Amino acid sequence: MIVVDDGSGPDPRARIGVLRPTLPFPLRHFWHPDEGYRKCTAMNRGIELARGDYLVFSDGDCVPRQDFLARHMALREPGRFLSGGYCKLPMALSHRITREDILAGRATDYAWLAANGLERHTFKLRLRSAALRNVFNRITPVAPRFHGHNSSAWKRDILRVNGWDERMQYGGQDLELGERLENAGIRGKTIRYSAICVHLDHPRGYRTPDMRVRCSAIRAETRRSRASWTPFGIVPGPQPAPRPADDPTDAIPAHG
């Protein structure tokens with residue numbers, strides 16, 4: 001597990017230090033100082049730290065259902081990225097959820113959430129039949145898009161498009177990465193009824209109107225030019241020349 005940390009204070013680092021020895025798998029933590037909204041930079045450093053060949057992404061304000069990773073791993077395919085679903089919780093319910101609720105699975109259980117203030121119809125949370133989930137994944141009119149709260153992809157495909165564009169701040173930064181994956185021929189696959197998380201509501205004091213304007217302009221240029229590579233990603237600069245087909249390495253230069 002890679003935790004990327006965009007400039008939080010000492011408390012999360014202390015909590016991770018306590019949690020790390022209790023886990024049955026390695027946990028790595030990347031932190032950089034708070035210099036404004038720099039999620040994209042942090043995400044790229046996390047990709048550099050990752051050792052697996054398949055990457056599953058979620059956000060710190062999300063609680064995955066217990067089968068979250070299993071669904072992503074079971075449904076992955078070569079040449080595809082996966083786009084999962086979420087259920088946004090109201091603020092009061094978000095604050096009510098405890099660590100014990102998460103560990104017991106109550107935080108993603110429809111009946112418990114409905115009994116504790118969830119008002120919206122949340123069909124995805126109620127689907128337990130794999131056959132029904134597959135049917136609704138196929139017939140949904142919602143196109144698959146790369147969402148930071150619930151997406152996955154092969155590491156080689158993320159490297160192929162150079163990760164997140166580090167100019168991007170809040171406002172479509174994950175979608176822009178997905179658009180470059182599509183431009184590179186990596187097609188999205190909807191699993192929004194299979195891989196589920198709940199999204200905790202919270203204030204967004206870091207969001208400013210000019211961020212969204214700048215991000216929208218970058219996304220528009222990506223769509224106009226059909227770009228698959230950003231020179232503002234993991235490897236600064238233009239796309240390197242392709243390696244020979246028999247080159248087995250999957251290394252990337254250290255961020256400099």
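Buried means under 20% relative accessible area, exposed means over 50%, and partly exposed covers what falls in between. Keep that handy for the exercises below, and remember that you're working with a predicted model.

**Exercise 1. Classify Glu179 and Arg223, then work out what their pairing ties together.**

Step 1: Start with Glu179. Its relative accessible area is 17%, and the buried class is anything under 20%, so Glu179 is buried.

Step 2: Now Arg223. This residue comes in at 44% relative accessibility, so it counts as partly exposed.

Step 3: Check the pairing. The two side chains, Glu179 and Arg223, meet in a salt bridge, 3.4 Å from N to O.

Step 4: Place the partners. Glu179 sits in helix α10 and Arg223 in helix α11, so the bridge ties together parts 44 residues apart in sequence.

While you're on shared partners: Lys39, Asp59 and Asp174 are joined into one network by salt bridges.

**Exercise 2. Do the same for Glu77 and Lys189: which parts of the chain do they link?**

Step 1: Get the distance. The closest N and O atoms of this salt bridge are 2.7 Å apart.

Step 2: Locate both ends. Glu77 is in the loop between α3 (68-75) and β5 (80-88), while Lys189 belongs to strand β7 (residues 187-199). That's a link between distant parts of the chain, 112 residues apart.

Step 3: Assign the classes. Glu77 has 29% relative accessibility, so it is partly exposed. Lys189 has 17%, so it is buried.

**Exercise 3. Find a salt bridge with both partners buried, and put it in the context of the whole structure.**

Step 1: Take Asp67 and Arg65, whose side chains form a salt bridge at 3.0 Å, N to O.

Step 2: Look at their burial. Asp67 and Arg65 are both buried.

Step 3: Zoom out. Searching the whole structure turns up 17 salt bridges.

**Exercise 4. Describe the largest nonpolar core and what Ile158 touches.**

Step 1: Size it up. This core has 23 residues, and those with the most contacts inside it are Ile47, Phe57, Phe146, Ile158, Trp164, Leu177 and Leu181.

Step 2: Ask where the residues come from. At least two apiece are supplied by α2 (39-49), β3 (54-57), α9 (155-160), α10 (173-183) and α11 (209-225). The largest share, 3 residues, is from α2.

Step 3: Follow Ile158. Skipping neighbours within four places in sequence, Ile158 contacts Ile47, Phe57, Phe146, Ala153, Gly163, Leu177 and Leu181.

Step 4: Don't miss the other core. Apart from this one lies a core of 13 residues, including Leu89, Ala107, Trp112 and Ile196.

Key:
Residues are numbered from 1 along each chain as its sequence is written. This is a predicted model: local features need pLDDT of at least 70, side-chain atom pairs count only at pLDDT 80 or more; totals for chains, interfaces and linings use all residues. Side-chain values use heavy atoms; hydrogens and water are left out. A nonpolar core is a set of buried Ala, Val, Leu, Ile, Met, Phe, Trp, Tyr and Cys residues joined through side-chain atoms within 4.5 Å. Buried means under 20% relative accessible area, exposed over 50%, partly exposed in between (1.4 Å probe, protein chains only). Helices (H or I, at least four residues) and strands (E, at least two) are DSSP runs, numbered from the N terminus. Contact means heavy atoms within 4.5 Å. A salt bridge is a side-chain nitrogen of Lys or Arg within 4 Å of a carboxyl oxygen of Asp or Glu.
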